[in-house]
Structure formats: C-alpha cells, structure tokens
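Student: I've got a model open and I'd like to learn how to read its contacts, packing and pockets. Can you walk me through it?

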Amino acid sequence: DKNGMFVGKENIEAQTLQTFENLDRVLVELGATKNNIAYVEIFLTNPQEHSETVIDLFKEYLGQHRPAGSLIGVTYLAFPEQLIEVKAIAHTD
C-alpha cells in the first residue's frame, strides 16, 4: 500500500485492487491517468486459478479503455506471498 505494507496475503482480488491503486498513484505523479496506458503486462503466479478474476477486475478498472497487453504466468515474484505484478507503459503529452 502507500505505506509500504503488503496487502492481501493469499487474496488475489485484494492484491489486484491494491496494485491498480498503486498504478493510479504513479500515473498521477506523471500527470497521466489509466487512459494514458498504452501497454500492460500482468504477471501471475497461478494463472490457471487467478486469470479470470484478474482479467475481470482489470476490465472494470479500465472502463472502456483497452490498451494492448499480455498476461504471463510465472513461478514466483519478488515476495513469497505476492500473487500479481503489473508493468505498464503510458504515454504523456
């Protein structure tokens, strides 16, 4: 979260929503919004179990905006309890 605390141990929905909130904070610092996102990579440690939930939450987060992107299954991420990581490329004016 914004205080550096881990959110949502073993809870893909909580981790995904926190990740999008973190992304919004970074975008604001750049003078951008989620509508400026051009490409997204979503990394999941258990894509078979979590991809549908994450894709649904991602579509809800984006609204009508649909950037290019990939969903990539990985063995592990930086922290053992981490289930998701998002990499985004955004354009600014």
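**Reading contacts, packing and pockets**

Tutor: Let's start with one residue: setting aside neighbours within four places in sequence, Tyr-39 is in contact with Pro-67, Ala-68, Gly-69, Ser-70, Lys-87, Ala-88 and Ile-89. Contact here means heavy atoms within 4.5 Å. This is a predicted model, where local features need pLDDT of at least 70 and side-chain atom pairs count only at pLDDT 80 or more, while totals for chains, interfaces and linings use all residues. Residues are numbered from 1 along each chain as its sequence is written, and side-chain values use heavy atoms, with hydrogens and water left out.

Student: Where is Tyr-39 found?

Tutor: Elements are DSSP runs numbered from the N terminus: helices are H or I with at least four residues, strands are E with at least two. Tyr-39 belongs to strand 1. C-alpha to C-alpha, Tyr-39 and Arg-66 are 9.0 Å apart in space, with their positions 27 residues apart in sequence.

Student: And how do I judge burial? Is Gln-15 buried or exposed?

Tutor: Use relative accessible area: buried is under 20%, exposed is over 50%, and partly exposed is in between (1.4 Å probe, protein chains only). Gln-15 comes out at 4%, so it counts as buried. Tyr-39 has 24%, so it is partly exposed. Gln-15 sits in helix 1 and, not counting residues up to four places away in sequence, touches Phe-6, Val-7, Gly-8, Lys-9, Glu-10, Glu-81, Gln-82, Leu-83 and Ile-84.

Student: Next, helix packing. At what angle do helix 1 and helix 2 pack?

Tutor: Fit each axis as a line to C-alpha atoms, over the stretch in contact for helices; angles run from 0 to 180 degrees between N-to-C directions. Helix 1 (residues 12–29) and helix 2 (residues 47–62) pack at about 35°, and their axes are 10 Å apart.

Student: Which residues in helix 1 and helix 2 meet?

Tutor: From helix 1 you have Ile-12, Glu-13, Thr-16, Leu-17, Phe-20, Leu-23, Asp-24 and Leu-27, and these meet His-50, Thr-53, Val-54, Leu-57, Phe-58 and Tyr-61 in helix 2. By class, that contact has nine nonpolar, three polar and two charged residues. For the classes, Ala, Val, Leu, Ile, Met, Phe, Trp, Tyr, Cys and Pro are nonpolar, Asp, Glu, Lys and Arg are charged, and the others, Gly among them, are polar.

Student: What do the buried residues of helix 2 pack against?

Tutor: They pack against helix 1, strand 1, strand 2 and strand 3. The buried set is Pro-47, His-50, Val-54, Leu-57, Phe-58, Tyr-61 and Leu-62. Just after helix 2, Gly-63 takes a positive phi of about 70°.

Student: Last one: how do I read pockets?

Tutor: Rolling a probe the size of a water molecule over the atoms shows where empty space is left. On a 1 Å grid over the protein atoms alone, with a 1.4 Å probe, a pocket is an open set of points with protein on both sides within 12 Å along at least five of seven lines, and lining residues have an atom within 4 Å of a point. The largest pocket is lined by 15 residues, with Phe-6, Val-7, Thr-19, Asn-22 and Gln-82 nearest its centre. Helix 1 supplies the largest share of that lining, four residues.

Student: Which element gives the most to the lining of the second largest pocket?

Tutor: Helix 2, with four residues. The lining of the second largest pocket divides into seven nonpolar, two polar and two charged residues.
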